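Ready for a few warm-up exercises on rings, charges and helices? Grab your viewer and work through them with the solutions below.

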Amino acid sequence: MPIAGPFADPAGMQEAHPAATKKVFVKTYGCQMNVYDSQRMADALAADGYGPTETIEDADLVLLNTCHIREKAAEKVYSELGRIRQLKEERARQGLETVVGVAGCVAQAEGREILRRAPVVDLVIGPQTYHRLPQVVGRARGGEKIVETEYALEDKFEHLPQPRRQEVRKRGVTAFLTVQEGCDKFCTFCVVPYTRGAEVSRPVAQIVAEAERLAEGGVREVTLLGQNVNAWHGDGGDGREWGLGELLFRLAEIPGLDRLRYTTSHPRDMDDALIAAHRDLDKLMPYLHLPVQSGSDRILKAMNRKHTHDDYLRLIERIRTARPDIAMSGDFIVGFPGETDADFEETMRIVREVGYAQAFSFKYSPRPGTPGADMVDHVEEAVKDERLQKLQALLGEQQRAFTQSLVGRTMDLLLEKPGRHPGQLVGRSPWLQPVIVDESAGEIGDIITVRISSAGTNSLFAGSTDSPSRAVEAKRAPAQEEAQMGVSV
Ligand code: SAM
Ligand code: SF4
């Protein structure tokens, strides 16, 4: 997985981390922001002598970076902690110490309750205090049980150390970069405003420096992250307040960065400058994740989404006028309290009207502390199941149609990693599909031009058209090869 980077390194000091004497295993649940956060936590611990391990049995420190967005996601953490308890006991028999930590949104939402339910846990740390992690781990090693979930007054990004350049390289040619955190929208189903706090934008200079550092480390594609990424705003240094559109134009000037993406956006925050960026900026990939959640105005109102069915359609029309080849993606919730068959049909209608290239759909999961959880007219589980199945069948059909429509087309591909089978490489299309090519097509980090020869369920297969000598025949791979797309932030 790719990783994010730093924002200032005048003396190149971060290359001089102590040799790793201890090992940390980080397991990440949930969204892309958690992937980014896990990497930043690993960077903070590297400065303290912890090296990463992929083997949990070898770890002196086990960190679970958790997700609280739906009940199932949160419960997974407790079953994992049961397994970790046995592991810790086994290591103790061998005279080895293991510190166990819970980070992320479950940590923030449940705090001390985690220590009560799972005494194996030594430390609980919320997303706003990751820069304090080394100090918290040190105290936990001294035998203290720690809950660190107060929102920090200082800017954690200013205090989080940078990854070593070699670490950036190891993490690949694509990277995430958090530009915005938290949310002030308070959709009635969502825990994010409670777990991630108020909406905060990182300053332009910090973001640009981090992106430059990534580019120096060989990263060619950056995905800007935020729970509400298009609400990002900041002082542009030119006397104007910038929005995400202006920031994208600035990042596009960085040599070596050839592809830009961002996720997840709220329909209310798609302003003219951002739409113009989709029209004018070649480096901005033609893919937009813009969750609508429901097609019913009544349910959208109950969800406090602040947009209607028609607002959303009009917005998509403006975006498609600016960038006709843009692929739309979205999130949907079925079975929100009070949702009738007629409301659900409105969701099916909006899906047909928009035509999605990809989408994520979920059954409503009541989250403690959110207004939705206290609503009275909850929908039966069986009804939610049935609606989800219908919706996913339609979305699946649209996704397959979109993927199929790319067969025969010529496109640029960023080669990202080796394929599952020897002799293959996997690249990413501008519209996010994994494309499998023969390894003779180029090297990881190259952007090559290919012609798509066939399509699987989620992947495409291609031969390079860069030069006749490099032209390769697409090789079919089994369905398991088809990589999963990212989950929205
Ligand atoms: N900020 C984005 C937006 O406004 O569309 C969404 C971010 S949210 C972290 C990711 C997705 O999880 C949401 O778009 C929604 O579809 C889903 N989600 C959030 N809360 C949920 C809940 N209580 N039950 C089911 N799905 C939920
Ligand atoms: Fe904020 Fe998105 Fe959650 Fe709504 S769904 S509260 S906009 S993070």
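**Exercise 1.** Is Y364 buried or exposed?

*Solution.* Keep in mind that this is a predicted model. The relative accessible area of Y364 is 3%. Buried means under 20%, so Y364 is buried. Run the same check on F336: its relative accessibility is 0%, so F336 counts as buried too.

**Exercise 2.** Classify the ring pair F336 and Y364, and find where its two partners sit in the chain.

*Solution.* Step one: a pair of aromatic rings is described by the distance of the centres and the angle of the planes. Step two: the centres of F336 and Y364 are 5.1 Å apart, with the planes at 70°. Step three: planes over 60 degrees apart count as edge-to-face, so that's what this pair is. Step four: F336 is in the loop between β15 and α14, while Y364 is in the loop between β16 and α15 (381-405). They are 28 residues apart, so the pair links distant parts of the chain. Ring pairs also bring in F189, giving a cluster of F189, F336 and Y364.

**Exercise 3.** How many aromatic pairs does the structure hold, and what is the geometry of F332 with Y356?

*Solution.* There are four aromatic pairs. For F332 and Y356, the numbers are 5.3 Å centre to centre and 90° between the planes, an edge-to-face arrangement. F332 belongs to strand β15 (residues 327-334), and Y356 to the loop between α14 (341-354) and β16 (358-363). Both F332 and Y356 are buried.

**Exercise 4.** Which ring has the charged end of R70 over it?

*Solution.* Look at F362: the charged end of R70 sits over its ring, 3.7 Å from the centre. For another example, try R202, which lies over the face of F157 at 3.9 Å from the ring centre.

**Exercise 5.** Does the span of helix α2 agree or disagree with its residue count?

*Solution.* Helix α2 covers residues 71-93, which is 23 residues. At 1.5 Å a residue, α2 should span 33 Å. The end C-alpha atoms of α2 are 34 Å apart, which agrees. Now see what α2 touches: its buried residues, including V77, L81 and I84, pack against β1, β3, β4, α3 and α4. After α2 comes G95, with a positive phi near 80°.

**Exercise 6.** How do α14 and α15 pack?

*Solution.* Their axes are 10 Å apart, at an angle of about 10°. Angles under 35 degrees count as roughly parallel, so α14 is roughly parallel to α15. Among the residues making the contact are F344 and M348 of α14 and L391 and L394 of α15.

Key: Residues are numbered from 1 along each chain as its sequence is written. Chains are lettered from A and ligands numbered from 1 in the order in which they are written. This is a predicted model: local features need pLDDT of at least 70, side-chain atom pairs count only at pLDDT 80 or more; totals for chains, interfaces and linings use all residues. Side-chain values use heavy atoms; hydrogens and water are left out. Rings of Phe, Tyr and Trp (its six-membered ring) pair if their centres lie within 6.5 Å; planes under 30 degrees apart count as stacked, over 60 as edge-to-face and the rest as tilted. Helices (H or I, at least four residues) and strands (E, at least two) are DSSP runs, numbered from the N terminus. Buried means under 20% relative accessible area, exposed over 50%, partly exposed in between (1.4 Å probe, protein chains only). A charge sits over a ring if NZ of Lys or CZ of Arg is within 6 Å of the ring centre and within 35 degrees of the ring normal. The expected span of a helix is 1.5 Å times one less than its number of residues. Contact means heavy atoms within 4.5 Å. Axes are lines fitted to C-alpha atoms, for helices over the stretch in contact, and angles run from 0 to 180 degrees between N-to-C directions. Angles under 35 degrees count as roughly parallel, over 145 as roughly antiparallel, 65 to 115 as roughly perpendicular and the rest as oblique.
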